[in-house]
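Visitor: Please take one part of this structure and go through it closely. After that, set it against the rest of the chain.

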Amino acid sequence: MSDLIAAIATAPGTGGVGILRLSGPGAARAAARVFRPAGKTALAGAPDRQLLYGQVLDKDGRTIDTGLAFVSRAPHSYTGEDTAELQCHGSPMVLSLALEALFAAGARQARAGEFTQRAFLNGKLDLTQAEAVIDLIDAETPAAAYQAAGTLGGTLSRRVAAIYDGLVDLSAHFHAVLDYPDEDIDPFRAATIRSALDKALGETAALLATYDRGKQLTAGVPTAILGKPNAGKSSLLNALVGYDRAIVTQAPGTTRDTIEARASVGGVLLNLTDTAGLRQTGDEAERLGVARSRAAAETARLVLLVLDGSGPLTPEDREAMALAKEAPACICLVNKADLPQALNLEELKKTFPHLCPVSAKDGTGLEGLGPLVAALFPAGAGGAGEALLTNARQAEAVTRAQESLDRASQGLEDGLPPDLLLSDVEEALEALGEVTGTTVREDITARIFQRFCVGK
């Protein structure tokens with residue numbers, strides 16, 4: 001199998017610009033067979049990152065487009081290898097013909113994430129930075145983009161490295177005392193070990209405390225839209241996502257199953273679940289939908305309670321209100337503000353202080369929902385300078401590190417000998433190493449890069 005890889009790096013479909021990338025031995029030579037510069041400088045001999053204008057060729061040397069090309073030689077490239085890039089018009093046919101020509105020149109199709117995987121393997125990125133690449137591509141809010149950019153710049157790597165380096169110093173001194181007992185090496189006193197372990201435990205605990213906020217930025221806040229039939233839940237979902245995601249009719253019970261969508265509200269990504277209206281029903285399908293509504297409300301971090309402001313509260317409203325009050329966070333939306341109102345908002349505020357009158361039908365009042373969501377979930381306004389754990393893999397590894405440090409701390413209290421404490425410290429080091437990739441596990445790295453798109 002060829003070590004030279006190539007792929008279309010731009011999204012599928014027609015666009016103004018299309019990009020093809022190569023990485024590996026002979027990247028410049030292969031690109032030169034598919035690109036003919038208009039000037040005298042040959043692509044293979046051009047200085048690094050100097051853009052050349054010319055013709056893009058098919059495998060038979062026929063012109064299929066005009067565009068730009070450049071090369072970047074190892075180690076000063078994204079992957080750490082010789083790379084080349086062709087930029088032409090974003091015609092799917094042109095890109096396909098150019099990619100076919102690169103294959104004819106000796107390249108093979110890159111796998112999903114293979115460019116970034118090579119960057120990791122060649123020491124250009126660690127695992128947290130590699131994960132930040134796909135987080136940046138997938139970012140759906142400004143805060144998520146800023147956070148991913150910060151992690152790509154090394155904020156999380158540096159924080160983990162500081163904990164790791166402190167434990168390496170502790171471990172190295174342990175080894176020196178144990179391996180060279182006749183040397184004049186000051187043995188660690190219990191107070192010194194205690195101080196180092198307490199410092200590492202505090203730092204890992206603080207890092208783990210960032211996981212909820214980091215997960216919120218990348219995965220979104222689980223949010224259930226709750227209320228009685230015809231309160232306007234589906235209309236609200238459609239208004240928030242900006243298109244008709246749910247069917248809206250005047251007939252009660254139209255929504256019989258949960259409907260899911262994502263929307264950015266107040267700079268916070270919400271994973272919205274439109275639920276079936278809460279009511280007693282003999283219809284089996286609707287009854288199952290109501291059961292799923294309850295389950296969605298019970299697992300949501302945020303409930304958007306929708307009440308029909310044009311009529312008095314009903315037993316179904318009160319059932320929904322009771323369920324909403326059990327949620328970690330709740331915003332009450334008094335819907336149908338375009339109609340004469342029958343509810344006392346001041347009275348409602350005593351139970352639901354986060355209250356927002358709206359008309360899901362025409363959008364009136366929806367601008368007030370964003371500030372309420374942002375106030376309840378301030379991590380949505382996070383910046384690029386904060387180091388946050390953003391996925392379960394990172395959190396699980398730091399948790400294992402903390403558990404090992406807890407065992408070492410307890411062993412110190414119990415008077416265990418240094419060699420037994422050393423074993424726990426080294427387990428903590430191994431777990432922390434998995435966060436950044438200092439400790440490489442092939443199954444984990446394979447899963448990480450499977451998330452990527454082809455061409456990145």
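Guide: Helix H3 (residues 114–121) lies across strand S1 (5–8), S2 and S7, and its direction makes an angle of about 135° with S1. This is a predicted model, in which local features need pLDDT of at least 70 and side-chain atom pairs count only at pLDDT 80 or more, while totals for chains, interfaces and linings use all residues. Residues are numbered from 1 along each chain as its sequence is written, and side-chain values use heavy atoms, with hydrogens and water left out. Helices (H or I, at least four residues) and strands (E, at least two) are DSSP runs, numbered from the N terminus. The axes behind the angle are lines fitted to C-alpha atoms, for helices over the stretch in contact, and angles run from 0 to 180 degrees between N-to-C directions; contact means heavy atoms within 4.5 Å.

The strands under discussion belong to an open sheet of 7 strands, ordered S3-S4-S5-S6-S2-S1-S7, with mixed pairing. Strand S3 (35–37) and strand S7 (108–109) are the edge strands, each with a single partner strand, so one side of each has no neighbour in the sheet. Two strands are taken to pair if DSSP finds at least two bridges between them. In general, the strands of a sheet pair through backbone hydrogen bonds, parallel or antiparallel.

Strand S2 (residues 15–23) runs antiparallel to strand S6 (residues 83–90), and 7 bridges join the two. Among the bridge partners, Gly 15 is matched with Gly 90 of S6, and Ser 23 with Thr 83 of S6. S6 also pairs in the antiparallel sense with strand S5 (residues 63–72), over 5 bridges; one of the pairs there is Ala 69 with Leu 86 of S6. Of the 8 residues of S6, 6 are buried, so this strand is largely enclosed by the rest of the structure. Buried means under 20% relative accessible area, exposed over 50%, and partly exposed in between (1.4 Å probe, protein chains only). In the loop between S5 and S6 is Pro 75, and the peptide bond from Ala 74 to Pro 75 is cis, with omega near 0°.

The rest of the chain gives the sheet its setting. The chain has 16 helices and 13 strands, and buried residues make up 48% of its 456 residues. Among contacts with a separation of 6 or more, 66% are between residues 24 or more positions apart. One pair far apart in sequence is Val 168 and Leu 429, separated by 261 residues but 7.4 Å apart in space, C-alpha to C-alpha. Val 168 is in helix H6 (residues 155–179) and is partly exposed, with a relative accessible area of 33%.

Two helices can be read by their faces. In helix H5 (residues 142–152), the buried residues are Ala 143, Ala 144, Gln 147, Ala 148, Gly 150 and Thr 151. Seen down the axis of H5, these buried residues fall within an arc of 160°, so they line one face of the helix. The arc is that of the directions from the helix axis to the C-beta atoms. Pro 142 and Tyr 146, on the other side of H5, are exposed. Gly 154, just after H5, takes a positive phi of about 105°.

In helix H13 (residues 369–376), Leu 369, Gly 370, Leu 372 and Val 373 are buried. They cover an arc of only 165° around the axis, which puts them on the same side of H13. Pro 371 and Ala 375 are exposed on the other side of H13. The cover over the buried residues of H13 includes helix H9 (233–241), strand S9 (259–265) and strand S10 (268–274).

Helix H8 (residues 211–219) has Tyr 211, Gly 214, Gln 216 and Leu 217 buried. Gln 216 has 5% relative accessibility, and a polar atom of its side chain lies 3.5 Å from the backbone oxygen of Phe 377. A polar contact is a pair of N or O atoms within 3.5 Å; within protein, one must be able to donate a hydrogen and the other to accept it, and residues adjacent in sequence count only if both atoms are side-chain atoms. H8 is followed by Gly 220, with a positive phi near 95°.
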